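Visitor: Could you take me on a close look at one part of this molecule? I would like to start in a loop and see what surrounds it, then work towards the interior.

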Amino acid sequence: QVQLVESGGGLVQTGGSLTLSCAASGRTFSSYIMAWFRRAPGKEREFVASITRSGGNANYADSVKGRFTISRDNAKNTVYLQMNNLKPEDTAVYSCAARHWSLTEYSDWGQGTQVTVSS
């Protein structure tokens with residue numbers, strides 16, 4: 001099990017950028033596939049991006065592909081989400097999640113950080 005704490009959210013104008021961070025504590029960080037999800041008001045939680053344990057591969061939702069970049073620093077037990085060219089529809093609570101390599105579902109979640117994009 002890992003404990004996850006997100007930071008870096010805030011208010012930004014359309015076209016702006018933000019970088020979210022998710023600090024992990026607990027067991028070996030490099031044993032976990034990491035991901036970012038988001039939940040907009042009145043909508044279901046949706047997948048944003050994920051990254052493999054080594055950081056060598058990443059997957060993105062079509063809605064953020066080309067604008068967002070997920071990365072990780074295993075030495076710092078931290079995963080990042082660089083968000084560029086933000087749009088009002090990116091407004092949501094962003095949460096990071098961890099999935100142990102031996103499991104099929106994400107089992108550990110952070111509290112989330114609010115991102116608001118003004119038009």
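Guide: Happy to. Let us begin at leucine 103, which is placed in the loop between strand 9 and strand 10. Please keep in mind that this is a predicted model. With a relative accessibility of 40%, leucine 103 counts as partly exposed, because that value falls between the 20% and 50% cut-offs. Leucine 103 and tyrosine 32 are 71 residues apart in sequence, yet their C-alpha atoms are 9.5 Å apart in space.

The loop between strand 9 and strand 10 (108-109) also holds tyrosine 106, and that brings us to the aromatic rings. The structure has 4 aromatic pairs. In one of them, phenylalanine 37 and phenylalanine 47 meet edge-to-face, 5.7 Å centre to centre with 75° between the planes. This pair joins distant parts of the chain, with phenylalanine 37 in strand 4 and phenylalanine 47 in strand 5, 10 residues apart. Phenylalanine 37 is buried at 12% relative accessibility, while phenylalanine 47 is partly exposed at 30%. Phenylalanine 37 also forms an edge-to-face pair with tyrosine 106, at 5.5 Å between centres and 75° between planes. Here the link spans 69 residues, from strand 4 to the loop between strand 9 and strand 10. Ring pairs join Phe37, Phe47, Tyr106 and Trp109 into a cluster.

Two arginines lie over rings of this cluster. Arginine 99 is over the face of tyrosine 106, 5.6 Å from the ring centre. The charged end of arginine 45 sits over the ring of tryptophan 109, at 3.9 Å from the centre of that ring.

Now for the interior. In soluble globular proteins, nonpolar side chains tend to be buried together. The largest nonpolar core in this model has 29 residues, and Met34, Trp36, Leu81, Met83 and Tyr94 touch the most other members. Among the elements that give two or more residues to this core are strand 4 (32-39), strand 5 (46-51), strand 7 (68-73), strand 8 (78-83), strand 9 (92-100) and strand 11 (113-118). Setting aside neighbours within four places in sequence, methionine 83 is in contact with Gly16, Ser17, Leu18, Leu20, Arg67, Phe68, Tyr94 and Val115.

Phe68 leads us on to strand 7, where the side chains alternate: Phe68, Ile70 and Arg72 point to one face and are buried, whereas Thr69, Ser71 and Asp73 point to the other and are not. Strand 7 pairs with strand 8 in the antiparallel sense, over 6 bridges. Across that pairing, arginine 72 stands opposite valine 79 in strand 8. The hairpin of these two strands has 4 residues between them, and asparagine 77 in this hairpin takes a positive phi near 55°.

One last stop is threonine 113, which is found in strand 11. Threonine 113 counts as buried because its relative accessible area of 10% is under 20%. The side chain of threonine 113 reaches the backbone nitrogen of glycine 9, at 3.2 Å. Not counting residues up to four places away in sequence, threonine 113 touches Glu6, Ser7, Gly8, Gly9, Leu20, Ala92, Val93 and Tyr94. Leu20 and Tyr94 are familiar from the earlier stop, as methionine 83 is in contact with them too.

How values were computed: Residues numbered from 1 in each chain as written. Predicted model: local features only at pLDDT ≥ 70, side-chain atom pairs only at ≥ 80, totals over all residues. Heavy atoms only, no water. Core = buried A, V, L, I, M, F, W, Y, C linked by side-chain atoms within 4.5 Å. Buried < 20%, exposed > 50% of the residue type's maximum accessible area, 1.4 Å probe, protein only. Contact = heavy atoms within 4.5 Å. Polar contact = N/O pair within 3.5 Å; in protein donor to acceptor, adjacent residues only side chain to side chain. Phe/Tyr/Trp six-rings, centres within 6.5 Å; stacked < 30°, edge-to-face > 60°. Lys NZ or Arg CZ within 6 Å of the ring centre and 35° of its normal. Pairing = 2+ DSSP bridges.
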